[in-house]
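Colleague: I would like to learn how to read strand pairing and burial in a model. Could you walk me through it?

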Amino acid sequence: MLKNFAKRIISIDLNDKSFDLIDDYNVEELMSDEGILFLTGPMTGSNIATGGRYNILAKSLKTGELSVSNTGGLWGRRLAYSGFKGVLIRGSADSPVRVLIDGRSEDKKITIEDAKDLWGKGSEEVNKSLKGMYGKDSSSIYIGPAGERKILVSCLINDGSTATGRDSFGAIFGSKNLKALTVISNPTVDVDRDLMKEKLLTEYKDFEGDKNILEALIDSLGRDISDEVFEGRIAKAMAEGVNPGCYSCPVMCKKGLAKKKDYQDHKYFWNFGNVERDLYNKRANDLANDMGLDSIGLVNYINWAVETGKSSYNLDWNNGDEVLKFIEGLLNDEKEIARLNEYVSEAGKARETKIVKSTSQILKRKNTLSDIIDYMGLCLFSNAKMSADSYRILYNVVAGNNL
């Protein structure tokens, strides 16, 4: 099993810049106020293929209901490797701050530091600054200027490669005066692969399913994080104009394969209708990314504005310069921000709100397979390779349970 299985949650209060460590908790009780919770699953800290994902929970600024987003990147794995299951952030600082969790030593260091030097800066510059401060063994979640302005289509950005959009979590960071949340960790975690394999081969010796896949997955547990391999994949993907896929993922949703344009790639959501479409796509996408805006949410608003004419800009997808002018000017246009936020809020209320349950509640109630995969810290796209029974066995072997 995972010898240092992360169970504790760090509770940080930005009002007085204090923190506590929580061992016993109920997710619904933790979310009783205006906090934002980052919660890993049992597989997040294992370095297992398609693992490393985590959930973000908060009351939606769009609907007032509890909202959840499942996301990837390295941040969740760094947190688990530091010995923590989650981070809860409450309150609001009186000036811009960033939070640092240094989990490399026995006496974990948690500090709240001034972030005035990063406030107002774009995502690319913030990412470079944080990496320069904390080094290659760090991973950061942060906001761009759009989150600072509490724009409801603002994202949380993870290490420059992963965004959590469409739940207004960037605006929540902005409302708390929180610019970044950084974790520094050891490169690996201590696991007992032999004990896991023994449990697999004895308790499930009659299992006729994906035993060879399970053995391979267990053998991969706890391996060192290989930044070199992942950075090489990113470099290749950028050269080919495609997404690199998530860290440690062999599936990659076709994102990292040459000549494939994934329909989830934000660059291809833009609806420019002129002959220089690809050029405008790139410029618009780069602008949105650096500002910390969710491309899909922004495009939805522009579509609505084009159809209704309810914008102070003469928005037309055939006039790419006007669309770029709108994106560039949005941060300094209070009326347009208010109009966009009203549109996003009304659209959010019209959609069905997600119901959030804790990991243990979902597993005990045997909810849908996709829910179980999400809350285990695995990628949803992996379910094409494994059966529901295999997931049950994998969870039992890694977490030491008997579901």
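Modeller: Gladly. Let's begin with pairing: two strands pair if DSSP finds at least two bridges between them. The model here is predicted.

Colleague: Which residue of strand 12 does Ser139 stand opposite?

Modeller: Ser139 stands opposite Val183. Strand 9 pairs with strand 12 (residues 178-184) in the antiparallel sense, over 5 bridges. Strand 9 also pairs with strand 10 (residues 156-158), again antiparallel, over 2 bridges. There, Tyr142 has Ile157 as its bridge partner.

Colleague: How should I think about the faces of a strand?

Modeller: In a regular strand, side chains alternate between the two faces of the sheet. Buried here means under 20% relative accessible area.

Colleague: Are the faces of strand 9 covered or open?

Modeller: Both are covered: Ser138, Ser140 and Tyr142 are buried on one side, and Ser139 and Ile141 are buried on the other. That fits the count for strand 9 (residues 138-142), where 5 of its 5 residues are buried.

Colleague: And what is the strand order in the open sheet of 6 strands?

Modeller: The order is 2-1-6-3-4-5, and the pairing is mixed. Strand 2 (18-22) and strand 5 (66-71) each have a single partner strand, so one side of each lacks a neighbour in the sheet. On average, neighbouring strands of this sheet are turned by 15 degrees against each other, direction ignored.

Colleague: How many bridges join strand 1 to strand 6?

Modeller: There are 6, between residues 8-13 of strand 1 and residues 84-90 of strand 6, and the two strands run parallel. Within this pair, Ser11 has Leu88 of strand 6 as its bridge partner.

Note on methods: Residues are numbered from 1 along each chain as its sequence is written. This is a predicted model: local features need pLDDT of at least 70, side-chain atom pairs count only at pLDDT 80 or more; totals for chains, interfaces and linings use all residues. Side-chain values use heavy atoms; hydrogens and water are left out. Helices (H or I, at least four residues) and strands (E, at least two) are DSSP runs, numbered from the N terminus. Axes are lines fitted to C-alpha atoms, for helices over the stretch in contact, and angles run from 0 to 180 degrees between N-to-C directions. Buried means under 20% relative accessible area, exposed over 50%, partly exposed in between (1.4 Å probe, protein chains only).
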